[in-house]
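The following note was prepared for a colleague who wishes to review the structure point by point. Please read it with the coordinates open.

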Amino acid sequence: MSAPMVIAIDGPAASGKGTLAKRLAEHYGLPHLDTGLLYRAVARSMLDAGLSLDDESAAARAAASLIADKLADPRLRERAMGEAASRISAVPAVRSALLAWQQRFAANAVGAVLDGRDIGTVVCPHARVKLFITASAEERARRRHRELTLRGEETIFAAILADIEARDARDASRATAPLRAAEDATVLDTTELDPDEAFAAAKQVVDGARAH
Ligand code: CDP
Ligand code: CDP
C-alpha cells in the first residue's frame, strides 16, 4: 500500500483554502477537515453558555470537551464567529486540546486533507503536500462580501476589509502557532485565479508529489 496522502492547506481568511481543500478531497477521495470550524465551535459553545471569550480557562475547558456534532451548526459560518474564533485560538491550552483531535483525523490510513492556519507547520509537519493559499486583502474581502451577501447577511465591504486585516494581523502575530507558510510549502497566490484555476494549479502540485 502506498504512503498516506496527507495534504496540508494553510492561508489567511477568505483566501479560498476551504473551497480548494474540499475539491482536492473529492478529487482524490480523501476525508476533509476544515479546522477553522473547531475554533469556531469552541467560541460558539462559550457564547451559548454566557461565558466571556476573554476567560482563558473557560476556553480551554470548552476546547477539551468539544464534541463532533457541534461542527454541523450553520451559525458557525457567521461573520462574527470568525472574529470570535480568532480570539480564543490564541490561547495555548485551546490549541493543544484541539491538536490531538486534528492529528487523529490526519492519521487516517488513506490520508486526509486539512485546512487551517498551522496545518503544515504544527498539526501535520510531515504532510506529503503543503500548500499555502493567499490573495490580496482587497480580493479576499470581495470574496467574503459576495459570499455573505449571497447568504443574506447584510454587510459593508469596508467593514469586511477591516475585519480581514485585523484577523490577519492577530493570526500572524500570536506567539503559539502563528499563521505562516511552512518552509517546504508551495505558495499559491490566487488573487488573479478563479476557483477552477486554483484547483488546477494545486492538482499539479499534488500529482507531482504522488509521482515520487
Ligand atoms: O474561513 P476563515 O479563514 O475566515 O476562518 P476559519 O478558517 O474558519 O478560522 C477562524 C479562525 O480560527 C482564524 O482566524 C484563526 O484564528 C483560527 N484558526 C486557527 O488558529 N488555526 C487553524 N488551524 C484554523 C483556524
Ligand atoms: O476557507 P477560506 O476562508 O480561505 O475561503 P473559502 O471559504 O474557500 O471562501 C472563498 C470564496 O472565494 C468562495 O466563495 C469561493 O468561491 C471564492 N474563490 C475561491 O475560493 N478561490 C478563488 N481562486 C477565487 C474565488
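Which residues does the UniProt annotation "binding site" cover?

1. The annotation, taken from an unreviewed UniProt entry, covers Gly11, Pro12, Ala13, Ala14, Ser15, Gly16, Lys17, Gly18 and Thr19. The model discussed here is a predicted one, and the points below should be read with that in mind. The same kind of record, again an unreviewed entry, lists residues 7-198 as "domain: Cytidylate kinase". In the model, the end C-alpha atoms of that span lie 15 Å apart. Helix accounts for 52% of the span and strand for 12%.

2. The sheet is open and consists of 5 strands in the order E2-E3-E1-E4-E5, with parallel pairing. Its edges are formed by E2 and by strand E5 (186-189), each of which pairs on one side only. From one strand to the next, the twist averages 20°. Helix H9 (residues 195-210) packs on this sheet, where it touches E1, strand E4 (129-134) and E5. The direction of H9 makes about 160° with that of E4.

3. Strand E3 (residues 111-116) deserves a separate comment. With strand E1 (residues 5-10) it pairs in the parallel sense over 6 bridges, and Val6 has Ala112 of E3 as its bridge partner. With strand E2 (residues 32-34), E3 pairs in the parallel sense over 3 bridges; here the bridge partner of His32 is Val113. Strands of a sheet pair through backbone hydrogen bonds, in either a parallel or an antiparallel manner.

4. Is strand E3 mostly covered or mostly uncovered? It is mostly covered, as 6 of its 6 residues are buried. In a regular strand the side chains alternate between the two faces of the sheet. For E3, one side carries Gly111, Val113 and Asp115, the other carries Ala112, Leu114 and Gly116, and all of these are buried. Helix H5 (residues 92-106) lies across E1, E2 and E3, and runs at about 145° to E3.

5. Ligand 1 is surrounded by 16 residues, of which Ala13, Gly36, Ser86, Ser89 and Gly116 come nearest. At least two residues of this shell are supplied by each of helix H2 (36-48), helix H4 (79-88) and helix H8 (157-173). By class, the shell around ligand 1 divides into 4 nonpolar, 7 polar and 5 charged residues.

6. Ligand 2 has 15 residues around it, the closest being Gly16, Gly18, Thr19, Arg143 and Thr190. Helix H1 (17-28), helix H7 (137-150) and H9 each contribute at least two residues to this shell. H1 provides the largest share, namely 3 residues. The shell around ligand 2 comprises 5 nonpolar, 6 polar and 4 charged residues.

7. Two residues of the annotated "binding site" may be examined individually. Ala13 is found in the loop between E1 and H1. Ala13 counts as buried because 24 other C-beta atoms lie within 10 Å, the threshold for that class being 20 or more. Leaving aside neighbours within four places in sequence, Ala13 is in contact with Gly82, Arg140, Ile164, Arg167 and Asp168.

8. Gly18, by contrast, has its place in helix H1. Is Gly18 buried or partly exposed? Gly18 is partly exposed, because 19 other C-beta atoms lie within 10 Å, whereas a buried residue requires 20 or more. Outside the four places in sequence on either side, Gly18 is in contact with Asp34 and Asp115. Asp115 is also among the buried residues of E3.

9. His145 lies in helix H7. Why does His145 count as buried? It does so because it has 21 C-beta neighbours inside 10 Å. Beyond its neighbours within four places in sequence, His145 is in contact with Thr155, Phe157 and Ile160. Its C-alpha atom is separated by 9.8 Å from that of Ala14, a residue 131 residues apart from His145 along the chain. Ala14 is one of the residues covered by the "binding site" annotation.

Note on methods: Residues numbered from 1 in each chain as written. Chains lettered and ligands numbered in written order. Predicted model: local features only at pLDDT ≥ 70, side-chain atom pairs only at ≥ 80, totals over all residues. Buried ≥ 20, exposed ≤ 12 C-beta atoms within 10 Å, placed from the backbone. Helix = DSSP H or I, 4+ residues; strand = E, 2+ residues; numbered from the N terminus. Pairing = 2+ DSSP bridges. UniProt positions renumbered as here; feature names shortened; annotations may be inferred. Near = placed C-beta within 6 Å. Nonpolar A, V, L, I, M, F, W, Y, C, P; charged D, E, K, R; others polar. Axes fitted to C-alpha atoms, helices over the stretch in contact; angles between N-to-C directions. Contact = placed C-beta atoms within 7 Å.
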